[in-house]
Amino acid sequence: QVQLVESGGGLVQPGGSLRLSCAASGSIFSVHDMGWYRQAPGKQRELVALITNLGRTNYADSVKGRFTISRDNTKNTVYLQMNSLKPEDTAVYYCNADVVPGVLSFLRGYWGQGTQVTVSS
């Protein structure tokens with residue numbers, strides 16, 4: 001079993017910052033792409049940022065220049081530093097990781113439970 005545990009969400013004022021963390025644990029052979037998605041009420045889940053195991057990154061246009069994704073491969077952990085937060089960033093943020101859970105297993109995607117980020121004055 002592979003688990004993704006997120007932390008770092010909360011309430012912040014517009015213009016503020018938050019840092020999200022997501023640690024993968026359990027039966028892991030290798031971790032590949034890791035990313036953050038978000039889902040606002042009444043909207044579809046959307047990609048926020050993605051990072052490969054070699055450190056290549058990709059961002060949604062709406063967060064470029066404000067959010068930074070990074071990872072620590074020794075800890076199987078991905079981070080999302082969110083600066084200059086706006087009310088429209090309010091959503092549940094989900095961590096996703098592509099993991100090979102065992103030496104004879106195939107790559108599959110796993111999701112965290114989600115963490116609420118609310119940007120409001």
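This is the transcript of a short group-meeting presentation on one protein structure.

Good morning. The structure under discussion is a predicted model. I shall begin with the overall architecture and then turn to particular residues.

The protein contains 11 strands and zero helices. Read from the N terminus, the order of elements is therefore β-β-β-β-β-β-β-β-β-β-β, with strands taken as DSSP runs. As to dimensions, the C-alpha atoms occupy a box of roughly 50 × 25 × 25 Å along the principal axes. The radius of gyration is 14 Å, which agrees with the value near 14 Å for a compact globule of 121 residues. Of those 121 residues, 41% are buried. The accessible surface amounts to about 6,600 Å², and carbon and sulfur atoms account for 49% of that surface. Concerning the contacts between residues at least 6 apart in sequence, 55% connect residues at least 24 apart.

Let me now turn to strand 8, which spans residues 77–82. Five of the six residues in strand 8 are buried, and the strand is mostly covered. Strand 8 has pairing partners that I shall take in turn. With strand 3, residues 18–26, it pairs in the antiparallel sense through six bridges. Within that pairing, Arg19 has Gln81 as its bridge partner. With strand 7, strand 8 again runs antiparallel, and six bridges join the two. Here Thr68 is placed opposite Gln81, and Phe67 is placed opposite Met82. Gln81 thus has Arg19 as a bridge partner and Thr68 opposite it.

Strands 7 and 8 form a hairpin, with four residues between them. In the turn, Asn76 adopts a positive phi of about 50 degrees.

Which side chains of strand 7 point to the buried face? Along this strand, residues 67–72, the side chains alternate. Phe67, Ile69 and Arg71 point to one face and are buried, whereas Thr68, Ser70 and Asp72 point to the other face and are not.

I come next to Arg38, in strand 4, residues 30–39. Is this arginine buried or exposed? Its relative accessibility is 6%, so Arg38 counts as buried, the cut-off for that class being under 20%. With which side chains does Arg38 make polar contacts? One contact, of 3.0 Å, is to the side chain of Asp89. Another, of 2.9 Å, is to the side chain of Tyr93. Beyond four places in sequence, the residues that Arg38 touches include Glu46, Val48, Phe67, Glu88 and Val92. Phe67, on the buried face of strand 7, is thus one of the residues that Arg38 touches.

The partner Tyr93 belongs to strand 9, residues 91–100. Because its relative accessibility is 0%, Tyr93 also counts as buried. Its contacts, leaving aside neighbours within four places, include Glu6, Leu20, Val48, Leu80, Gly114 and Val117. Phe67 and Met82, which stand opposite one another across strands 7 and 8, are both among the contacts of Tyr93. Trp36 is another of the residues in contact with Tyr93. The two are 57 residues apart in sequence, yet their C-alpha atoms are 6.7 Å apart in space.

Finally, the aromatic rings. A pair of aromatic rings is described by the distance of the centres and the angle of the planes. How many aromatic pairs does the protein have? The count comes to one. The pair consists of Tyr37 and Trp111, whose ring centres are 5.0 Å apart and whose planes lie at 65 degrees, so the arrangement is edge-to-face, the limit for that class being over 60 degrees. Tyr37 is in strand 4 and Trp111 in strand 10, residues 108–111, so the pair ties together parts 74 residues apart in sequence. Both residues fall in the partly exposed class, since Tyr37 has a relative accessibility of 21% and Trp111 one of 40%. In strand 4, then, Tyr37 is partly exposed, while Arg38 is buried.

To summarise, the model is predicted and has 11 strands. Strand 8 pairs with strand 3 and is joined to strand 7. The side chains of Arg38 and Tyr93 are linked by a polar contact of 2.9 Å. Thank you.

Technical notes: Residues numbered from 1 in each chain as written. Predicted model: local features only at pLDDT ≥ 70, side-chain atom pairs only at ≥ 80, totals over all residues. Heavy atoms only, no water. Buried < 20%, exposed > 50% of the residue type's maximum accessible area, 1.4 Å probe, protein only. Polar contact = N/O pair within 3.5 Å; in protein donor to acceptor, adjacent residues only side chain to side chain. Contact = heavy atoms within 4.5 Å. Pairing = 2+ DSSP bridges. Rg over C-alpha atoms; globule rule 2.2 N^0.38 Å. Areas by Shrake-Rupley, 256 points an atom, 1.4 Å probe, with all protein chains shown as cover. Phe/Tyr/Trp six-rings, centres within 6.5 Å; stacked < 30°, edge-to-face > 60°.
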